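Visitor: I would like to take a close look at one part of this model, and then follow the connections that lead away from it. Could you guide me slowly, since I am new to reading structures?

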Amino acid sequence: LIVLDISMPGMDGIEVCQKVRAQKNTPIIMLTAKSEEIDRVIGLEVGADDYITKPFSVREFLARVKAIFRRTKMIKDSLENSASTKLEFEGLSVNIETRRVLVNDDKVELSPKEFDLLVLMASNPGKSYSRADLLKLIWGYDFDGYEHTVNSHINRLRAKIEPDMAAPTYILTTWSVGYRFNEELR
C-alpha cells in the first residue's frame, strides 16, 4: 500500500500516482489537505484507490486501509478460483492474469480502474450495474455525488475498446440503471 500526499517537493502526488499506476497495481491512498471536490475527483481518476483529507482520524484511516486490503484479497481470491483467466469475445480478448487487453489483435492500454471495470462486466455479461454498484465494487466506497467518476471511466474505457462510440458493441447502457456488458457476444 502506498500513501501519497498531493503536495510534495519535486514531483506532486498526482504525478507519482500516475507513474506508479503505469507500472504496478499497488493500492494507493491519497492523504492530503486538499479537500475540494475537484482535487478528490482528480486523485481518484488518476488511479488512487481512496482519498482522505486532513485532518483525519487514525481509526478511519486504518478502517480504509483494511477495506482496501479486503478488496485486494477478494479480487486475488476470485482470480485464483476462476476456471479461466482469459475472456474472449468477438474482437476483444482480456487476459486477467497478465492484465492485457487486445482489440482486433491490437494491444490496448487501460488504467487499473478501467481494467477492473471491464473484467467485472465482461465476467458477468448481461448483468446491469448501477453507478452506485460500480463505485462500491471497483472503488470500494458508496458516496453520493461521485457517479461522474464512474461515467468518466466508462467513457474512457469505451473510447479505447469500442469500434464506434456512437453505437457501443461491448459496454452497453441500461437505461435508468447503469451499464452492462453485451450478453450477445459470447
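In which loop does Pro55 lie?

Guide: In this predicted model, Pro55 lies in the loop between S3 and H3, and the peptide bond that joins Lys54 to Pro55 is cis, with an omega of about -5 degrees.

The two elements on either side of that loop are also linked through their side chains. Asp50 and Arg64 meet in a salt bridge, with 2.8 Å from N to O; Asp50 belongs to strand S3 (residues 50-53) and Arg64 to helix H3 (residues 58-81), so that the pair links distant parts of the chain, 14 residues apart. Asp50 has a relative accessibility of 8% and therefore counts as buried, and Arg64, at 18%, counts as buried too, the cut-off for this word being under 20%.

As general background, side chains of opposite charge can pair when their charged atoms come close. By the rule used here, the model holds 11 salt bridges, and a few others are worth following.

One of them joins Arg99 and Asp116, whose closest N and O atoms are 3.3 Å apart. Because Arg99 lies in the loop between strand S5 (92-95) and strand S6 (100-103), while Asp116 lies in helix H4 (residues 112-122), this pair ties together parts that are 17 residues apart in sequence. Arg99 is partly exposed, with a relative accessible area of 33%, whereas Asp116 is buried, at 17%. The backbone of Arg99 also deserves attention, for its phi is positive, about 60 degrees, although Arg99 is not a glycine.

Helix H4 takes part in another such contact, since the side chains of Glu114 and Arg156 meet in a salt bridge with 3.3 Å from N to O. Here Glu114 in helix H4 is linked with Arg156 in helix H6 (residues 147-161), and the two residues are 42 apart along the chain. Arg156 counts as partly exposed at 30% relative accessibility, while Glu114 is buried, with a relative accessible area of 1%. Salt bridges that share partners join Glu45, Glu114, Arg156 and Lys160 into one network.

To finish with another backbone detail, Ser176 has a phi near 65 degrees, again a positive value in a residue other than glycine. Ser176 is found in the loop between strand S9 (171-174) and strand S10 (178-181), and at 84% relative accessibility Ser176 counts as exposed.

Technical notes: Residues are numbered from 1 along each chain as its sequence is written. This is a predicted model: local features need pLDDT of at least 70, side-chain atom pairs count only at pLDDT 80 or more; totals for chains, interfaces and linings use all residues. Side-chain values use heavy atoms; hydrogens and water are left out. A salt bridge is a side-chain nitrogen of Lys or Arg within 4 Å of a carboxyl oxygen of Asp or Glu. Helices (H or I, at least four residues) and strands (E, at least two) are DSSP runs, numbered from the N terminus. Buried means under 20% relative accessible area, exposed over 50%, partly exposed in between (1.4 Å probe, protein chains only).
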